[in-house]
Amino acid sequence: MDFICAALSRNKGLRELNLCIVADYVEANCMIGDEGVEKLANSLCKNVSLHWLDISFNHITDGGAKSIGVALKSNATLKSLSLSTDALTCLVGKNLIANNGAEFIWRELISNKSLSTLDLSNTNIDCRLQYDNR
């Protein structure tokens, strides 16, 4: 992950990056996880070209969602972000973003002018989550 993040920080031409893990059985150590997402988010803050990012099925929790929120606040090029999970996926690869993680993302989205698509389908976000505009 370090190698990808270092390249992404300096790259000026990459438009799409798919780091989605889809397999019948994937070991937990193959996932990006929250630590990898934090590194990726730091790279997104510096990247000036990426438009599409898919990090579905990577065992991302509220901690990783917070890192993504911070990146969304400063990134001005990302147009589409997928953090989704298949409803039938076992817990090994499932993104476990819940209400706290969603709140981090929503707060930072207020200042983001480029993102037009955000896929959080089948995560653990309660559909009754209320946005508090404080």
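**Close-up views of a predicted model**

Buried residues account for 40% of the 134 residues in the protein. Keep in mind throughout that this is a predicted model.

**View 1. The whole chain, with four helices and four strands on show.** Start at the N terminus and walk along: the elements run α-β-α-β-α-β-α-β. Contacts reach a long way along the sequence here. Take the contacts between residues at least 6 apart in sequence, and 82% of them join residues at least 24 apart.

**View 2. Helix H2 (residues 33-46) alongside helix H3 (residues 62-74), with axes that come within 8 Å.** Two packed helices are described by the angle between their axes and the distance between the axes. For H2 and H3 the crossing angle is roughly 5°. Angles under 35 degrees count as roughly parallel, so H2 is roughly parallel to H3. On the H2 side, look for Asp34, Val37, Glu38, Ala41, Leu44 and Cys45. Facing them from H3 are Gly63, Gly64, Ser67, Ile68, Val70, Ala71 and Ser74. Sorted by class, this contact of H2 with H3 holds seven nonpolar, four polar and two charged residues.

**View 3. Zooming in on Ser67, a residue of helix H3.** Is Ser67 buried or exposed? Its relative accessible area is 14%, so Ser67 is buried. Leaving aside residues up to four places away in sequence, Ser67 touches Val37, Glu38 and Ala41. Those three also turn up on the H2 side of the contact with H3.

**View 4. The other neighbour of H3: helix H4 (residues 99-109), again with axes that come within 8 Å.** H3 and H4 cross at roughly 5°, and they are therefore roughly parallel to each other. H3 brings Asp62, Ala65, Lys66, Gly69, Val70, Leu72 and Lys73 to this contact. H4 answers with Asn100, Gly101, Phe104, Ile105, Glu108 and Leu109. The class tally for H3 with H4 is six nonpolar, three polar and four charged. Val70 is worth a second look: it is listed in the contact with H4 and in the contact with H2.

**View 5. Lys39 in helix H2 and its partners in the N-terminal stretch.** What does Lys39 touch, once residues up to four places away in sequence are set aside? The contacts are with Asp2 and Cys5. With Asp2 there is a side-chain to side-chain polar contact of 2.8 Å. Ile4 makes a handy distance check: Lys39 and Ile4 are 35 residues apart in sequence, yet their C-alpha atoms are 9.4 Å apart. Lys39 has 28% relative accessibility, so it counts as partly exposed.

**View 6. The largest nonpolar core, 24 residues in all.** In soluble globular proteins, nonpolar side chains tend to be buried together. Which members of this core touch the most other members? They are Leu53, Ile55, Leu81 and Leu83. Helices pitch in too, with helix H1 (2-10), H2 and H3 each supplying at least two residues of the core. Pick Leu81 and list what it touches, not counting residues up to four places away in sequence: Leu53, Ile55, Ile68, Leu72, Leu115, Thr117, Leu118 and Asp119. Ile68 in that list also belongs to the H3 side of the contact with H2, while Leu72 belongs to the H3 side of the contact with H4.

**View 7. Ser56, in the loop between strand S2 (52-54) and H3.** At 1% relative accessibility, Ser56 counts as buried. The side chain of Ser56 joins that of Ser84 through a polar contact of 3.1 Å. Along the chain, Ser56 and Asp119 are 63 residues apart, but 9.0 Å separates their C-alpha atoms. Asp119 has come up before, as one of the residues that Leu81 touches.

**View 8. Backbone oddities at Phe57 and His59, in the loop between S2 and H3.** Neither title residue is a glycine, but phi is positive in each: about 60° for Phe57 and about 55° for His59. How do they sit with respect to burial? Phe57 has a relative accessible area of 15%, so it is buried. His59 comes in at 30% relative accessibility and so counts as partly exposed.

Key:
Residues numbered from 1 in each chain as written. Predicted model: local features only at pLDDT ≥ 70, side-chain atom pairs only at ≥ 80, totals over all residues. Heavy atoms only, no water. Axes fitted to C-alpha atoms, helices over the stretch in contact; angles between N-to-C directions. Parallel < 35°, antiparallel > 145°, perpendicular 65-115°, else oblique. Contact = heavy atoms within 4.5 Å. Nonpolar A, V, L, I, M, F, W, Y, C, P; charged D, E, K, R; others polar. Buried < 20%, exposed > 50% of the residue type's maximum accessible area, 1.4 Å probe, protein only. Polar contact = N/O pair within 3.5 Å; in protein donor to acceptor, adjacent residues only side chain to side chain. Core = buried A, V, L, I, M, F, W, Y, C linked by side-chain atoms within 4.5 Å.
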